[in-house]
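Reader: I would like to learn how to read the packing in a model such as this one. Please start from the interior and then move to single residues.

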Amino acid sequence: MSEQSAAATELVDMVHLNEGIKEVVVIAFQINIMALNAILLANRAGRAALGFSVISKELRVLSVELTRLMQLLKQDAYRSVALITDLLRQERRAKLMQTANALSGEQCGALKQRLGQQKQAFSRIRSDIRQYRRELRVKLDDAQKICQFGIAISRSAKIEAAYGAAYSNQLSEVSQDFDQNIQAIVPALAALHDGLGRQA
């Protein structure tokens, strides 16, 4: 695979990464709204649902933290896209200069020097792209840890829902919704992580 097609593939992968990030943000927003509603429901249930209220607040904090992390991921992905785009533009320019150099028949010193500078610039940009990719992986690992914590909290919500007295059925439904939404984030994050692994 040529350098240009590798960079183009990487660009497409970054676009897919952005789409996956949007999906996770939407689910995190849903969890946040559900948590707010669950807090209100638990307050109506009173002392019987005190534990459920605490867990709902934790899930809300989790969703906010996950959204913040996804925003950071998005910023790194945009920076990567900008670098990859710059790399593609410079590679096209270098190809034109190489063609001009070959057609001139003579080795033009200034052109040769510029081609050497371009190689150094390519190396620097590729290094920056690798660095952003590493940062993306670290943030995705953090997001996966947050989700694992969320899964544990949602299980606790199911237990606490049973103590909700007259509201236990409603709290049980909410806890089930929490679990389903958090479980939906896990494969989305795994797909994002796998997409970055392909680019290594």
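**Reading the core**

Author: This is a predicted model. Its largest nonpolar core has 55 residues, and those with the most contacts inside it are Phe52, Leu66, Met70, Phe178 and Leu189. Two or more residues come to this core from each of helix 1 (3-45), helix 2, helix 3 (109-161) and helix 4.

Reader: Which helix gives the most to this core?

Author: Helix 2 does, with 16 residues.

Reader: What does Leu189 touch, not counting residues up to four places away in sequence?

Author: Leu189 touches Val24, Met70, Leu140, Ala143, Gln144 and Cys147.

Reader: Is Leu87 buried or exposed?

Author: The test is relative accessibility, and buried means under 20%. Leu87 has 4%, so Leu87 counts as buried. Leu87 lies in helix 2, which spans residues 50-104.

Reader: Which residues does Leu87 touch, beyond those up to four places away in sequence?

Author: Here contact means heavy atoms within 4.5 Å. On that basis Leu87 touches Ala7, Phe122, Ile125, Arg126 and Ile129. For Ile129, there is also a C-alpha separation: 9.7 Å from Leu87, with the two residues 42 apart along the chain.

Reader: Where is Ser175, and is Ser175 buried or exposed?

Author: Ser175 sits in helix 4, residues 168-198. Its relative accessibility is 0%, so Ser175 counts as buried. Leaving aside neighbours within four places in sequence, Ser175 is in contact with Phe52, Ala157, Lys158 and Ala161. Phe52 is also among the residues with the most contacts inside the largest nonpolar core.

Terms used
Residues numbered from 1 in each chain as written. Predicted model: local features only at pLDDT ≥ 70, side-chain atom pairs only at ≥ 80, totals over all residues. Heavy atoms only, no water. Helix = DSSP H or I, 4+ residues; strand = E, 2+ residues; numbered from the N terminus. Buried < 20%, exposed > 50% of the residue type's maximum accessible area, 1.4 Å probe, protein only. Core = buried A, V, L, I, M, F, W, Y, C linked by side-chain atoms within 4.5 Å.
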